[in-house]
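Q: Please take a close look at one part of this model: the central sheet strand that also helps line the main pocket. I would like its neighbours, its surroundings and the pocket itself in one connected account.

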Amino acid sequence: MPAGLDDLCAVVLAAGEGTRLRPLTERMPKALCPVGNVSLLDRALARITGLGPSGPARIAVNACYLADQVVEHVGNRAHLSVEPGDPLGTAGGVAKLKDWIAGRPVLVGNADAYLADPTADPGPDIAALLGGWDGNEVRLLGQPAADPGAPGTFGGYAFTGFSLLPWRLVRDLPVEFGDLVRTVWRPAEAAGALRVIPYRGTFYDTGTPADYLAANLHAAAGGALI
C-alpha cells in the first residue's frame, strides 16, 4: 500500500443485471459470471486484497439484481450494501455507502472489468493508480482509446474499470440513481482535477457476448475451459 493511503477503502460495484449478456444472466448476476472458471467478482476482490485492503471494514460490495446470490457468494469477505428495487447506478451505489466510507478515500472497481497483466499479479498491476496520489484529484485507470476523440474517453483514454475518489467528492453524492461519469469524473476533468493512469495489461469490460468470450479465451491462454 503506498504511503498515505493506509485508510483506503474499496467498493466493488456488482449490482448490475447484465442485460446484454442474456440469457447467461437470466439466472445469474453478471458479477458472478465466470472468466477462466473464476467469477468476475472474485477476480475484483482478489485485485483489491492484492493492494492491501481486506475484510468488511475495508471492502464493500453492492448488490441489487439477484442480490441474494451476491450476498451468499461474498459471505463475510466484504461489507454488503443491498439496493432494493432498481440499481442506483455507479454514483448512487457509492453514495449509499457513505456512512461506511466515513471520510476515507475510496477505490471503486467495476466487478465486470477483466484485467490481466502478465508482468504483475492482481493488485500490484494497478498500484500505479495509487502511487503519489495527492488525496485531491480523481484518478481513472485507462488505456489509449482506438478513437481518442470518441464520446466516453478521457484525454484520449478509455476507462478500464477502476477509479480513485477523494472523500470530498463522495461526501455530497445524493443517494439516488446516478453515474460517476456525470456526477464526479466529468466535473473533475473540467476543473483540471482528473488524471488517467495507464494500465499496461489486457482489459475487457465483459459487458457484451463478444467481449465476454474474448476475456474467457484470454484467460484460457490456449487451453480449455469447462
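A: What follows starts at one strand and works outward to the sheet, the pocket and two loops.

The model is predicted. Start with β6, residues 106-110. Four of its five residues are buried, so β6 is largely enclosed by the rest of the structure.

Two strands pair with β6. Strand β1, residues 9-13, runs parallel to β6, and the pair is joined over five bridges. Within that pairing, Val11 stands opposite Val108. Strand β9 pairs with β6 in the antiparallel sense, over four bridges. There, the bridge partner of Val108 is Ser163. Val108 thus offers a handy reference point: Val11 of β1 is opposite it, and Ser163 of β9 is its bridge partner. In general, strands of a sheet pair through backbone hydrogen bonds, either parallel or antiparallel.

Now widen the view to the sheet. It is open, has seven strands and shows mixed pairing. The order is β5-β4-β1-β6-β9-β8-β10. At the edges stand β5 (79-82) and β10 (194-198). Each has a single partner strand, so one side of each is left without a neighbour in the sheet. Neighbouring strands are turned by 30° against each other on average, direction ignored.

Helices pack on this sheet. α6 touches β6, β8 (138-144), β9 and β10. Its direction makes about 95° with that of β9. Helix α2, residues 67-74, lies across β4 (59-63) and β5. The angle between α2 and β4 is about 160°.

Next to β6, one residue of β9 deserves a stop: Gly161. Its relative accessibility is 2%; the cut-off for buried is under 20%, so Gly161 counts as buried. Leaving out residues up to four places away in sequence, Gly161 touches Val108, Gly109, Asn110, Ala113 and Phe203. Met28 is 133 residues from Gly161 in sequence, and their C-alpha atoms are 21 Å apart in space.

Asn110 leads to the pocket. The largest pocket holds about 790 Å³ of space. It is lined by 32 residues, and those closest to its centre are Gly16, Lys30, Thr90, Asn110 and Asp112. Elements that give two or more residues to this lining are α3 (89-95), β6, β9 (157-165) and α6 (180-190). So the picture joins up here, with β6 largely enclosed because four of its five residues are buried, and β6 also contributing to the pocket lining. By class, the lining divides into 15 nonpolar, ten polar and seven charged residues.

Last, check the backbone. Most residues other than glycine have a negative phi, and most peptide bonds are trans. Ala102 has a positive phi of about 50°, although it is not a glycine. Ala102 lies in the loop between α4 (98-101) and β6. Its relative accessible area is 52%, so Ala102 is exposed. Asn37 also has a positive phi, of about 65°, and is not a glycine either. Asn37 is found in the loop between β2 (34-35) and β3 (38-39).

How values were computed
Residues are numbered from 1 along each chain as its sequence is written. This is a predicted model: local features need pLDDT of at least 70, side-chain atom pairs count only at pLDDT 80 or more; totals for chains, interfaces and linings use all residues. Side-chain values use heavy atoms; hydrogens and water are left out. On a 1 Å grid over the protein atoms alone, a cavity is a set of points where a 1.4 Å probe fits but cannot get out, and a pocket is an open set with protein on both sides within 12 Å along at least five of seven lines; lining residues have an atom within 4 Å of a point. Grid points are joined across faces, edges and corners, and a volume is the space filled by probe spheres set on the points. Ala, Val, Leu, Ile, Met, Phe, Trp, Tyr, Cys and Pro count as nonpolar, Asp, Glu, Lys and Arg as charged, and the others, Gly among them, as polar. Buried means under 20% relative accessible area, exposed over 50%, partly exposed in between (1.4 Å probe, protein chains only). Two strands pair if DSSP finds at least two bridges between them. Axes are lines fitted to C-alpha atoms, for helices over the stretch in contact, and angles run from 0 to 180 degrees between N-to-C directions. Contact means heavy atoms within 4.5 Å.
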